[in-house]
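Here is a short briefing on one protein chain. It deals with a pocket and with the packing of helices.

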Amino acid sequence: MKILVTGAAGFIGYHVSTELAYRGHTVVGVDRDINSSAIRSKRFNLLEEAGVFQRELDINVNHIDFSMFDFIFHLAANADVMQSLERPTDYYMNNIVGTQKIIDGATLHNIPVIYASSSSVYSSNKCSVSKPYKEDMVLNPPPNPYAMSKYVNEAQFKAAPIKSWGMRFFTVYGEWGRPDMALWKFTKQILNDETVTLRGNGKYERDFTHIDDLINALILVLDQRPKQSIINVGTGHHITNERMVNIIEKCTGAKANIEYEKANKFESKMTLADTSGLESLGWEAHTSVDVGIEQFVKWYQATGNRYDS
């Protein structure tokens, strides 16, 4: 198949693009502001080595010839809850308006789409070990612009006359990730003997999903095209941010200088995925958080620290 991947220089977009190319698909990866950071520039260059055709463009501005594609992975988006509070207009334009442009092009040529949603859509709902987040849960309007943009994205695709699958990602991590994400920041800070700030007094709990497990989930949905249109991608397990720091300490042999901060009302205190929908397709998570964090720390020490900024 000829597949369009938006956000191809991003963390998930890079891994999706290279995996699709490895599987023999013709992949065109598009993204904007390629040189805005060293890690984005490096990912974009690595796409060429993997056989991905890259184009630097803004989906809000530049023309895309949708007629040439059989399938779309729409992964372009502004991420990060806290930044969305500072720049809400950017999140509206890039995440909502940009998504509508992809929907319009896909609709014109009847192209199926897998798109990135987020566990953040559950932000105003509560979960527990006995009651994890399930796809059919009635959602309350999310409390921050990033989560709201993903909430709206799901409504946009639901209203469109095309086949689509919204993948609610739960805290994805791994090699070639984003320097602004907690695992990267904490690893850097611990190795450099800098202060590690833990919001929620270290008790925020997250369902961490390794990038390899997420890619397997996306490929499975591409191959099977299930009836279920909204799908959680998590593990069904969770750890505190304090526990994540403890694992990094063990991997590095260094001690963290921790500063605790109160919880932020705009963030979820806990995320935990019900993954029964994905498991019904034959998927299972293979990378435990201990192993995944150890792999990331080794990659960071060997390679990732060159791309801290």
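The points below take the pocket before the helix pairs. The model is predicted. The second largest pocket has a volume of about 400 Å³. Three helix pairs follow: helix 4 with helix 5, helix 6 with helix 8, and helix 8 with helix 10.

**The second largest pocket**

- Its lining counts 20 residues.
- Nearest the centre of this pocket lie Tyr115, Glu154, Lys158, Ser229 and Ile230.
- Two elements give two or more residues to the lining: helix 5 (145-159) and strand 6 (164-169).
- Helix 5 supplies the largest share, five residues.
- By class, the lining of the second largest pocket splits into 10 nonpolar, six charged and four polar residues.

**Helix 4 with helix 5**

- Helix 5, which lines the pocket, also packs against helix 4 (residues 88-109).
- The angle between helix 4 and helix 5 is about 15 degrees, and their axes are 9 Å apart.
- Angles under 35 degrees count as roughly parallel, so helix 4 and helix 5 are roughly parallel to each other.
- Their crossing is right-handed.
- On the helix 4 side, the contact uses Pro88, Tyr91, Asn95, Ile96, Thr99, Gln100 and Ile103.
- On the helix 5 side, the partners are Pro145, Tyr146, Ser149, Val152, Asn153, Gln156 and Phe157.
- The contact of helix 4 with helix 5 has eight nonpolar and six polar residues, and no charged ones.

**Helix 6 with helix 8**

- Helix 6 (residues 182-191) and helix 8 (residues 241-252) have axes that come within 10 Å.
- These axes cross at roughly 45 degrees.
- Helix 6 and helix 8 are therefore oblique to each other.
- The crossing of helix 6 and helix 8 is right-handed.
- Helix 6 brings Ala182, Leu183, Phe186, Thr187, Ile190 and Leu191 to the contact.
- Helix 8 meets them with Met244, Val245, Ile248, Glu249 and Thr252.
- The contact of helix 6 with helix 8 holds eight nonpolar, two polar and one charged residues.

**Helix 8 with helix 10**

- Helix 8 also pairs with helix 10 (residues 289-302), and the two axes come within 10 Å.
- The crossing angle of helix 8 and helix 10 is roughly 55 degrees.
- Helix 8 and helix 10 are therefore oblique to each other.
- Helix 8 passes helix 10 with right-handed geometry.
- From helix 8, the contact takes Arg243, Met244, Ile247, Ile248, Cys251 and Thr252.
- From helix 10 come Val289, Asp290, Ile293, Glu294, Val297 and Gln301.
- By class, the contact of helix 8 with helix 10 has seven nonpolar, three charged and two polar residues.
- Met244, Ile248 and Thr252 of helix 8 meet helix 6 and also take part in the contact with helix 10.

Definitions and conventions
Residues are numbered from 1 along each chain as its sequence is written. This is a predicted model: local features need pLDDT of at least 70, side-chain atom pairs count only at pLDDT 80 or more; totals for chains, interfaces and linings use all residues. Side-chain values use heavy atoms; hydrogens and water are left out. On a 1 Å grid over the protein atoms alone, a cavity is a set of points where a 1.4 Å probe fits but cannot get out, and a pocket is an open set with protein on both sides within 12 Å along at least five of seven lines; lining residues have an atom within 4 Å of a point. Grid points are joined across faces, edges and corners, and a volume is the space filled by probe spheres set on the points. Helices (H or I, at least four residues) and strands (E, at least two) are DSSP runs, numbered from the N terminus. Ala, Val, Leu, Ile, Met, Phe, Trp, Tyr, Cys and Pro count as nonpolar, Asp, Glu, Lys and Arg as charged, and the others, Gly among them, as polar. Axes are lines fitted to C-alpha atoms, for helices over the stretch in contact, and angles run from 0 to 180 degrees between N-to-C directions. Angles under 35 degrees count as roughly parallel, over 145 as roughly antiparallel, 65 to 115 as roughly perpendicular and the rest as oblique. A crossing is left-handed if the near helix is turned anticlockwise from the far one by less than a right angle, and right-handed if clockwise. Contact means heavy atoms within 4.5 Å.
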